[in-house]
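Visitor: Please take a close look at a single part of this model. I would like the strand pairing there, and then the backbone next to it.

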Amino acid sequence: MTTRTPQSQDELETGERDGTLTNGDSTRRLSRRGYLGALGATGLAASASPALVGRASAATTDRIERMKDEYGTVVDVVDAGADPTGGESVTSVLDANAGDDTLLVFPPGRYRMTEEFRHCGFEGFGMVGDDATIVPGDYDEFEAPNRRLFRLGVYHNPGKDLHVEGFTVDQTAPDTGIRAIEAQVSDGLTVKDFLVNGKHDSGTWGPALFDVMDPNGTGTVEEFRAPAGGEWVSNTPNDGELWRGPSGIMVSRYHEGTVELVDCQLGGFPDNGVYAGNAEGTVVVRRGVFRNSHASNLRIGGHHSKIVGATVVVDDNPDHFDNQRGIRLDRGSWLQVLDSTVLLDEPNGNGITVLDGVESAKIHNSSVVQRTDRTNQAVVVESEAGPTYVQNVHVDIHGSGNAVEIKGGDRPGEVGLSDVRITGSASGAVFRNAIRCERDDCKFRRLEIDQPGSDYRRALEINADDAYVSGGTFETTHHPIVVNGTGAWIEGTYSESYDGYEALRLNDSSGDVGVAENTLVGGVLDVGCDGLSMYDNEMA
């Protein structure tokens, strides 16, 4: 059996020298029948409302019974000596009882911890709480660098088949913010119904880290919640020891398998909400609500990683939080944002950003809403990002930023927009264009752009070569479509300026432009296009 021993300083946040300790024969282990009797003898729920206890205990008893069937050994931690009143630390009891094919059950109560429980190299280990609350000691009670509650596996000695479920961590007392759980397993990760109550205020690593080490391994983290977020590190006792402060959930560079984060909730953390930008494997964020984190609320990397049905909200800008991106796609191949919403009520960062390290990406059936007049971009494709496809996306933007900004660069790969709808009263005071394209070979199909804002707002400005525009409606105050590059082809569109400008402007840097079968209210302003072909257009 592998248990925790005192450790040297961490090599990295996710790794330190491993140690093992063999337990003697003094551990009390319970059969299933003996465990049921012990539960009945505790009497810890007697003071609660009978109706509420009945509903809660029926659900948790069923859950525990199902889990017990999966393990050869079941240990009631209270019966094994853990204090359920929050008086004495329970870490030594957990150390003494952890083992393979073992389930630790926490009956109703409050369990104090003032040092890390570390268990590595296991096969088949679980912990389940029945209305169990973990109460961490404060910053000074935990020895650096091991300021964690549960450390289950390390990258060089991971566990296998881990199940943790049904815990609340009470961090409402001052300076008790701490990493609640760190799990690095080769395969078979399950974490469910884990609530961190209170703000992460001690400046240590954020509440959770989850890695699946085997490329064929899988894991699920469901309903991990840390809604109060974290403090900027300068406001904590760990000032000077951590940059910015904690992230909410981390998936590290050691992750090579697949992990799903399902129905999670995070408040505002100083160094990202979900930080999975360096992951080598696959990360799936499925549903969940992520609010007000700095740097980004969801920061994703890896291969075939995706965000599905998530909601990101920025409606508060705490001190120091000066760049709160909604979603950031960092690096890797075929990263996707699907069926998701970014709401920017107090924006000071872009909505969705595809960074240079992304080989390919898709944003589909999603929306970005910016409700204030501040200047931020809704969707940005950086200059060295690979092929990116934006499909069936609605951007409602009221500030003076670009709804979609496509940057140029030397890296090949088209950006394709199809069935994109852009609305809102955005002006052209700072950024004139709803869509600004600086990359060659981009394609725009069936766009619907309605931007009635002031100060020369435009729908689409093409500052690159070989653009293709097909179908759609372009209605803005200034020229709806402006071309500065060569080789553009525009067909089947309807374009109209609210203020009476020409529908299409071709500047003297443009050339070899084809314009066919469009309705161009107000006509075309040609100020020096070299090689213009036009046919079957209606100049309404």
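Guide: A neighbouring topic comes up at the start: glutamate 123 is found in strand E6 (residues 123–136), where strands (E, at least two residues) and helices (H or I, at least four) are DSSP runs numbered from the N terminus. The model is predicted, so local features need pLDDT of at least 70 and side-chain atom pairs count only at pLDDT 80 or more, while totals for chains, interfaces and linings use all residues. Residues are numbered from 1 along each chain as its sequence is written, and side-chain values use heavy atoms, with hydrogens and water left out.

Glutamate 123 is exposed, at a relative accessible area of 53%; exposed means over 50%, buried under 20%, and partly exposed in between (1.4 Å probe, protein chains only).

The part for the close look is strand E40, residues 494–497, with Ser495 and Ser497 on its covered face and Tyr494 and Glu496 on the uncovered one. Strand E37 (residues 468–476) runs parallel to E40 and is joined to it by 4 bridges; two strands pair if DSSP finds at least two bridges between them. In this pairing, glutamate 475 stands opposite glutamate 496 of E40. E40 also pairs with strand E43 (residues 519–520), in the parallel sense and over 2 bridges. Here tyrosine 494 is opposite threonine 519 of E43.

The loop between strand E42 (511–516) and E43 holds glutamate 517. Glutamate 517 is not a glycine, yet has a positive phi of about 60 degrees. Most residues other than glycine have a negative phi.
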